[in-house]
Amino acid sequence: MHDFLLKELSNTNIEQELKDIGFDKSYTNKAKDKYIYKNFKIFNLTPAQANIIKQTALSVGADCATHREVIRGQIENSNAILGGSISQLIKVAKKLEHQPFGLKELGLALIEKCNPQMSQNTKIMGILNITTNSFSDGGKYYDIEDAVQQLNQLIEDGVDIIDIGAESTKPYSQAVSSSKQLEKLVPVLEYIKANNIQIPISIDTRSAEVAQKCIELGADIINDVSGFDYDPKMAEIIAQNPDIKVIIQHSQGTPENMQDSPQYENLMDEIYINLKNKVDYAISKGIKKENIIIDPGIGFGKSKSHNLEIIHRWKELRTIGCSVLIGLSRKSLLEMPDAPNEDKDIYTLALNSILINDNIDYIRVHNVKIHKKFQNILG
């Protein structure tokens with residue numbers, strides 16, 4: 001009896017694994033697609049569409065799960081889960097291009113989503129709150145001298161982007177007027193311009209008026225935690241400035257009520273659909289897709305279990321085709337309300353290490369220094 005030795009592979013670099021066993025090096029780049037498996041959820045298919053997709057999948061050795069009544073046509077619409085290797089899914093996609101009922105468009109979309117662009121290195125966005133009531137450092141950098149000192153500290157620590165906000169949107173916080181926000185933001189932006197600071201600057205605001213003025217003063221990114229829901233003019237302002245990036249965040253409710261027992265029937269589906277609709281809306285207004293960053297909104301209408309599920313499943317959002325940002329720094333999911341910020345930062349790093357190892361595009365943090373050191377250790 002032969003004693004076989006088996007080991008499950010968890011290495012995501014399957015191409016290197018193929019090379020290591022002596023596989024033909026000239027063919028590994030193509031062959032790897034046979035060993036990378038993906039599952040896609042497809043929403044609101046007619047029975048005819050669902051049946052064609054299922055039969056097409058089976059014809060190439062893949063599979064597609066649908067509602068049990070699809071086969072009899074006894075249901076108006078069905079979601080489906082299409083699964084297989086990338087190689088199989090591309091074969092499915094090419095066959096769908098010759099099918100009726102709009103499935104050609106699905107085939108083209110499937111090819112695009114089989115190989116999404118991935119960030120090489122996670123960019124670290126450092127937080128600069130010039131507010132009196134932010135949950136972790138409210139009032140600490142409210143004066144311009146303290147704000148400038150922290151700005152320079154973030155740069156020294158190796159920050160990639162600085163996110164400056166003059167309105168706290170923590171749970172149960174109240175809105176801050178545009179004039180009050182600008183009163184605090186303008187001096188900091190003028191300092192940045194006067195000192196020729198080249199680090200990209202993001203402005204954390206829901207106000208189109210604040211966004212426009214800050215763009216005029218040199219801001220590069222607008223971080224709208226309401227995802228265009230607060231100020232209907234925001235999308236137009238971004239579209240009028242074609243070099244400006246925008247962060248579109250998901251939130252259930254508003255800061256005043258978002259943590260009042262948030263409920264979801266299917267958390268990731270609801271976040272995905274909401275953000276996809278907002279991205280489509282932004283594009284319809286003239287915003288370039290490559291300038292859109294999406295944020296699932298940790299702590300914005302989410303329970304602890306919701307937040308943890310997002311951390312483990314955030315890559316599903318990449319299917320939208322935009323870069324992804326997550327900000328969990330010092331938030332309530334850590335369950336450390338009375339701990340010093342130094343302790344919160346350690347646990348923040350522990351959770352962010354999952355995201356960094358998954359090559360997330362952006363993380364938003366208070367303590368840049370320890371995150372940058374962690375990145376340097378990883379090389």
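A residue counts as buried when its relative accessible area is under 20%, as exposed when this value is over 50%, and as partly exposed in between. The exercises below concern a predicted model.

**Exercise 1. Two lysines in salt bridges**

Task: Classify Lys 276 by its accessibility, and state where Lys 276 and its partner Asp 280 lie.

Solution:
- Step 1. Lys 276 has a relative accessibility of 27% and therefore counts as partly exposed.
- Step 2. Its partner in a salt bridge is Asp 280, with 2.9 Å between the closest N and O atoms.
- Step 3. Asp 280, at 36% relative accessibility, is likewise assigned to the partly exposed class.
- Step 4. Helix H10 holds both Asp 280 and Lys 276, which are four residues apart, or about one turn of the helix.

Task: Determine which parts of the chain are tied together by the pair Lys 41 and Asp 269.

Solution:
- Step 1. A salt bridge joins the side chains of Lys 41 and Asp 269, at 2.5 Å from N to O.
- Step 2. Strand S1 contains Lys 41 and helix H10 (residues 267-284) contains Asp 269, so the bridge links parts that are 228 residues apart in sequence.
- Step 3. Lys 41 has a relative accessible area of 37% and is therefore partly exposed.
- Step 4. For Asp 269 the value is 12%, so this residue is buried.

**Exercise 2. A salt bridge and a network**

Task: Describe the pair Asp 345 and Arg 330, and decide whether its members are buried or exposed.

Solution:
- Step 1. As a general principle, side chains of opposite charge can pair when their charged atoms come close.
- Step 2. Asp 345 and Arg 330 form a salt bridge through their side chains, at 2.8 Å from N to O.
- Step 3. Asp 345 belongs to helix H12, while Arg 330 belongs to the loop between S10 and H12, so the pair connects parts 15 residues apart in sequence.
- Step 4. Both Asp 345 and Arg 330 are buried.
- Step 5. Elsewhere, salt bridges with shared partners join Asp 163, Asp 204 and Arg 364 into one network.
- Step 6. The count of salt bridges in the model comes to 15.

**Exercise 3. From Ser 87 to a charged patch**

Task: Find the contacts of Ser 87 beyond its neighbours within four places in sequence, and state which residues form the patch of positive charge.

Solution:
- Step 1. Ser 87 is part of helix H4 (residues 86-96).
- Step 2. The relative accessible area of Ser 87 is 18%, so the residue is buried.
- Step 3. With neighbours within four places in sequence set aside, Ser 87 is in contact with Asp 33 and Lys 34.
- Step 4. Lys 34 sits in the loop between helix H2 (28-31) and strand S1 (37-45).
- Step 5. At a relative accessible area of 41%, Lys 34 is partly exposed.
- Step 6. Lys 34 also belongs to a surface patch of positive charge, together with Lys 30, Lys 91, Lys 94 and Lys 95.
- Step 7. Helix H4 makes the greatest contribution to the positive patch, with three residues.

**Exercise 4. Positive phi angles**

Task: Locate Phe 228 and Glu 335, and classify Phe 228 and Glu 335 as buried or exposed.

Solution:
- Step 1. Most residues other than glycine have a negative phi.
- Step 2. Phe 228 has a positive phi of about 75° although it is not a glycine.
- Step 3. Phe 228 lies in the loop between strand S7 (221-224) and helix H9 (234-239).
- Step 4. Its relative accessibility is 8%, so Phe 228 is buried.
- Step 5. Glu 335, also not a glycine, has a positive phi of about 55°.
- Step 6. Glu 335 is placed in the loop between strand S10 (323-326) and helix H12 (341-357).
- Step 7. Its relative accessibility is 54%, so Glu 335 is exposed.

**Exercise 5. Separation along the chain and in space**

Task: State the C-alpha separation of His 67 and Thr 348, and that of Val 148 and Leu 189.

Solution:
- Step 1. His 67 occupies the loop between strand S2 (63-66) and strand S3 (78-85).
- Step 2. At 32% relative accessibility, His 67 is partly exposed.
- Step 3. Not counting residues up to four places away in sequence, His 67 touches Ile 75, Ser 78 and Asn 79.
- Step 4. His 67 and Thr 348 are 281 residues apart along the chain, and their C-alpha atoms are separated by 40 Å.
- Step 5. Val 148 lies in helix H6 (residues 144-156).
- Step 6. Val 148 is buried, with a relative accessible area of 13%.
- Step 7. Val 148 and Leu 189 are 41 residues apart along the chain, and 9.8 Å separates their C-alpha atoms.

Conventions
Residues numbered from 1 in each chain as written. Predicted model: local features only at pLDDT ≥ 70, side-chain atom pairs only at ≥ 80, totals over all residues. Heavy atoms only, no water. Helix = DSSP H or I, 4+ residues; strand = E, 2+ residues; numbered from the N terminus. Buried < 20%, exposed > 50% of the residue type's maximum accessible area, 1.4 Å probe, protein only. Contact = heavy atoms within 4.5 Å. Patch = residues over 30% accessible without salt bridge, like charges linked within 9 Å, V, L, I, M, F, W, Y side chains within 5 Å. Areas by Shrake-Rupley, 256 points an atom, 1.4 Å probe, with all protein chains shown as cover. Salt bridge = Lys/Arg side-chain N within 4 Å of Asp/Glu carboxyl O. Lys, Arg positive; Asp, Glu negative; His and termini not counted. Charge placed at Lys NZ, Arg CZ, Asp CG, Glu CD.
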